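Me: I would like to go through how some labels on this model are justified. Please set each value against its definition.

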Amino acid sequence: MKSPQLSDAEWKVMNAVWRLIQDTEEAVTARTVVDALASSTGWAYTTVKTMMDRLVEKGTLEADRSRKTTRYRPCISRSTARGEATRGLLARAFGGAAAPLVHFLVQSEPLNKKDRDTLRSMLAEQEQAADATNLGTDPDREAEDPEEPA
């Protein structure tokens, strides 16, 4: 399921929901989300409740209204939402190509040693996975066009 595009404010709400769910593994109320966001946003209860209800309409949250207080649970994982947001950014700003995005990030945000090591490790893992998938093929060799004479 493709997740809907989230606004900056909706990301703040969803990050709070994911964090609270991770800590308690229980559905959350609008009040617990307001309390979690109080120091960083100062948003009123009605603001957060309205955003959460809109997130229900978008299919990002589900609401259990069987009790006196509505309880919310995410319908999508943080990883899924991040993936969709990243793919959207990649398509809109970088023509769908990952290398220009990575280049931009590396050029615009200095990486500390730990981040550089993590990036190297991730690239090495991807290279190994690609090598395992392409056993017996030469990825640098262009495929021969069957219509072209040799």
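Me: This is a predicted model. Which residues touch the most other members of the largest nonpolar core?
Reply: Val-13, Val-17, Val-28, Val-33, Met-52 and Leu-61 do, in a core of 22 residues. Helix 1 (8–24), helix 2 (30–41) and helix 3 (45–58) each give two or more residues to this core. Helix 1 gives the most, with eight residues.

Me: What makes these residues members of a nonpolar core?
Reply: A member must be buried, be of a listed type such as Val, Met or Leu, and be joined to the set through side-chain atoms within 4.5 Å. Buried requires under 20% relative accessible area. Val-33 belongs to this core, so Val-33 meets these conditions.

Me: Which residues does Val-33 touch, leaving out those up to four places away in sequence?
Reply: Val-13, Ala-16, Val-17, Leu-20, Val-28, Val-48 and Met-52. A contact needs heavy atoms within 4.5 Å.

Me: How do you know that the span of helix 6 agrees with its number of residues?
Reply: Helix 6 (residues 113–133) has 21 residues, and the expected span takes 1.5 Å times one less than that number. This gives 30 Å, and the end C-alpha atoms are 30 Å apart, so the two agree.

Me: Why is the pair at the start of helix 6, Asn-112 and Lys-114, called a polar contact?
Reply: A side-chain oxygen of Asn-112 comes within 3.1 Å of the backbone nitrogen of Lys-114. The cut-off for N or O atoms is 3.5 Å, so the pair qualifies by distance.

Me: How many helices and strands are in the chain?
Reply: Six helices and two strands, in the order α-α-α-β-β-α-α-α from the N terminus.

Terms used: Residues are numbered from 1 along each chain as its sequence is written. This is a predicted model: local features need pLDDT of at least 70, side-chain atom pairs count only at pLDDT 80 or more; totals for chains, interfaces and linings use all residues. Side-chain values use heavy atoms; hydrogens and water are left out. Buried means under 20% relative accessible area, exposed over 50%, partly exposed in between (1.4 Å probe, protein chains only). Helices (H or I, at least four residues) and strands (E, at least two) are DSSP runs, numbered from the N terminus. A polar contact is a pair of N or O atoms within 3.5 Å; within protein, one must be able to donate a hydrogen and the other to accept it, and residues adjacent in sequence count only if both atoms are side-chain atoms.
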